[in-house]
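Subject: Structure handover

Hello,

Here is the structure I said I would pass on. My notes on what was found in it come after.

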Amino acid sequence: MPAQDRAGPVPAEQRAALARESRVRSIAKAVSWRIIGSLDTLVLSYLFTGNVLIAGSIASTETVTKTVLYYLHERGWSLIALGRA
């Protein structure tokens, strides 16, 4: 059950605060997600290649590129009002 159904409507100030994402929060989310994603890539790359050095190279490269792409994606979405009250 959503929080507003249990506790009544969420005040406009609180909704506005929840709708905003700081740059630091976007970076923290990007880093934590990349750790999970990169471990997945490392394991899969190793399973496909059987070579830990190649798997590490693939995982390292995608960590950098996908962290930047995720951050830009998050910042782009912060400009879109879709789904915000």
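Arginine 34 is buried, because its relative accessible area of 8% falls under the 20% cut-off. The model is a predicted one, and that applies to everything below. The side chain of arginine 34 meets that of glutamate 62 in a salt bridge, at 2.6 Å from N to O. Arginine 34 belongs to helix α3 and glutamate 62 to helix α4, so this pair ties together parts of the chain 28 residues apart in sequence. Glutamate 62 is buried as well, with a relative accessible area of 9%.

Glutamate 62 has a second partner in lysine 66, where the N to O distance of the salt bridge is 3.7 Å. Here both residues lie in α4, four residues apart, which is about one turn of the helix. Lysine 66 is partly exposed, at 41% relative accessible area. Through shared partners, the salt bridges join Arg34, Glu62 and Lys66 into one network.

In total the structure holds three salt bridges. Besides those of glutamate 62, there is one between glutamate 74 and lysine 29, whose closest N and O atoms are 3.4 Å apart. Glutamate 74 lies in α4 and lysine 29 in α3, so the pair ties together parts that are 45 residues apart in sequence. Glutamate 74 is buried, with a relative accessible area of 15%, whereas lysine 29 counts as partly exposed at 27%. As background, side chains of opposite charge can pair when their charged atoms come close.

On the overall layout: the protein has four helices and zero strands, so the order of elements from the N terminus is simply α-α-α-α. Of its 85 residues, 15% count as buried. The accessible surface comes to about 6,600 Å², and carbon and sulfur atoms account for 68% of that. Among contacts between residues at least 6 apart in sequence, 61% join residues at least 24 apart.

α3 covers residues 23-49 and α4 covers residues 52-78. For α4 the length can be checked against the expected rise. At 1.5 Å a residue, its 27 residues should span 39 Å, and the end C-alpha atoms are 38 Å apart, which agrees. The N-terminal end of α4 is capped by asparagine 51, which has a side-chain oxygen 2.8 Å from the backbone nitrogen of leucine 53.

Which residues of α4 are buried? They are Ala55, Ala59, Glu62, Glu74, Arg75 and Ser78. What covers them includes α3. Two of the salt-bridge residues described above, Glu62 and Glu74, are in this list.

Arginine 75, also in α4, counts as buried at 16% relative accessibility. Setting aside its neighbours within four places in sequence, arginine 75 is in contact with Glu21, Ser22, Arg23 and Ser26.

Tryptophan 77 is another residue of α4. Its relative accessible area is 41%, so it is partly exposed. If residues up to four places away in sequence are not counted, tryptophan 77 touches Leu82 and Arg84. The C-alpha atoms of tryptophan 77 and glutamate 21 are separated by 9.7 Å, with their positions 56 residues apart along the chain.

There is also a nonpolar patch on the surface, of about 800 Å². It is made by Val43, Leu44, Tyr46, Leu47, Phe48, Val52 and Leu53. Both α3 and α4 supply at least two of these residues, and α3 gives the most, with five. Tyrosine 46 is in α3 and counts as partly exposed at 42% relative accessibility. Leu53, a member of the patch, is also the residue whose backbone nitrogen takes part in the cap by asparagine 51.

To sum up, α3 and α4 are tied together by the pair of glutamate 74 and lysine 29 and by that of glutamate 62 and arginine 34. These two helices also both contribute to the nonpolar patch.

Regards

Terms used. Residues are numbered from 1 along each chain as its sequence is written. This is a predicted model: local features need pLDDT of at least 70, side-chain atom pairs count only at pLDDT 80 or more; totals for chains, interfaces and linings use all residues. Side-chain values use heavy atoms; hydrogens and water are left out. Buried means under 20% relative accessible area, exposed over 50%, partly exposed in between (1.4 Å probe, protein chains only). Contact means heavy atoms within 4.5 Å. Accessible areas come from the Shrake-Rupley method with a 1.4 Å probe; for residues, only the protein chains shown count as cover. Patches are made of residues with over 30% relative accessible area and no salt bridge: like charges are joined within 9 Å, nonpolar side chains (Val, Leu, Ile, Met, Phe, Trp, Tyr) within 5 Å. A salt bridge is a side-chain nitrogen of Lys or Arg within 4 Å of a carboxyl oxygen of Asp or Glu. The expected span of a helix is 1.5 Å times one less than its number of residues. A polar contact is a pair of N or O atoms within 3.5 Å; within protein, one must be able to donate a hydrogen and the other to accept it, and residues adjacent in sequence count only if both atoms are side-chain atoms.
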